[in-house]
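Here are a few exercises to work through with the viewer open. Try each one yourself before reading its solution.

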Amino acid sequence: MRTPAPLVLDALVWLVFAVLFVGAALLVKVAAALLVVLVVLALLLGLVLRALRRRRRAR
């Protein structure tokens, strides 16, 4: 007869695996969101700098 210790160990390994998998998925989502934010900020900075250059030329 099997003792419950290996079953508990198996369950613990699967639980750790699930937590790591979900954590990795969340990290990927956060990284994607940060990348989108950085791209938007870079585009806005480019637009602001272009507007400032045009304003200096107009003077």
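**Exercise 1.** Which residues make the nonpolar surface patch of about 680 Å²?

*Solution.* Keep in mind that this is a predicted model. Start with the leucines: Leu 9, Leu 12, Leu 15 and Leu 20 belong to the patch. Then add the valines Val 13, Val 16 and Val 19, and the list is done. Now take one member and check its surroundings: Val 19 sits in helix H1. Its relative accessibility comes to 54%, so Val 19 counts as exposed, given that the cut-off for exposed is over 50%.

**Exercise 2.** Classify the ring pair of Trp 14 and Phe 17, then work out which other ring joins them in a cluster.

*Solution.* The structure has 2 aromatic pairs. For Trp 14 and Phe 17, the ring centres are 5.9 Å apart and the planes meet at 90°, so this pair is edge-to-face; the angle cut-off for that label is over 60 degrees. Next comes Phe 17 with Phe 21: 6.3 Å centre to centre and 25° between the planes, a stacked pair. Put the two pairs together and you get a cluster of Trp 14, Phe 17 and Phe 21.

How does the helix spacing fit in? Trp 14 and Phe 17 are 3 residues apart in helix H1, so about one helical turn separates them. Phe 17 and Phe 21 are 4 residues apart in helix H1, which again means about one helical turn.

Last step: are the ends of this cluster buried or exposed? Trp 14 has 60% relative accessibility, so it counts as exposed. Phe 21 is exposed too, at 58% relative accessible area.

**Exercise 3.** Decide whether the protein chain is a compact globule or more spread out than one.

*Solution.* Count the secondary structure: there is 1 helix and there are 0 strands. The radius of gyration is 26 Å, well over the 10 Å that the globule rule gives for 59 residues, so the chain is more spread out than a compact globule. Then look at the box around the C-alpha atoms, which is roughly 90 × 10 × 5 Å along the principal axes. For a local check, pick Leu 27 and Val 48: they are 21 residues apart along the chain, and their C-alpha atoms are separated by 31 Å.

**Exercise 4.** What share of the 59 residues is buried, and how much area does the chain expose?

*Solution.* Buried residues account for 0% of the chain. The exposed area is about 5,900 Å², with carbon and sulfur atoms supplying 78% of it. As a spot check, Leu 27 lies in helix H1, which covers residues 4–58. At 60% relative accessibility, Leu 27 counts as exposed.

How values were computed
Residues are numbered from 1 along each chain as its sequence is written. This is a predicted model: local features need pLDDT of at least 70, side-chain atom pairs count only at pLDDT 80 or more; totals for chains, interfaces and linings use all residues. Side-chain values use heavy atoms; hydrogens and water are left out. Helices (H or I, at least four residues) and strands (E, at least two) are DSSP runs, numbered from the N terminus. The radius of gyration is taken over C-alpha atoms; the globule rule is 2.2 Å times the number of residues to the power 0.38. Buried means under 20% relative accessible area, exposed over 50%, partly exposed in between (1.4 Å probe, protein chains only). Accessible areas come from the Shrake-Rupley method with a 1.4 Å probe; for residues, only the protein chains shown count as cover. Patches are made of residues with over 30% relative accessible area and no salt bridge: like charges are joined within 9 Å, nonpolar side chains (Val, Leu, Ile, Met, Phe, Trp, Tyr) within 5 Å. A salt bridge is a side-chain nitrogen of Lys or Arg within 4 Å of a carboxyl oxygen of Asp or Glu. Rings of Phe, Tyr and Trp (its six-membered ring) pair if their centres lie within 6.5 Å; planes under 30 degrees apart count as stacked, over 60 as edge-to-face and the rest as tilted.
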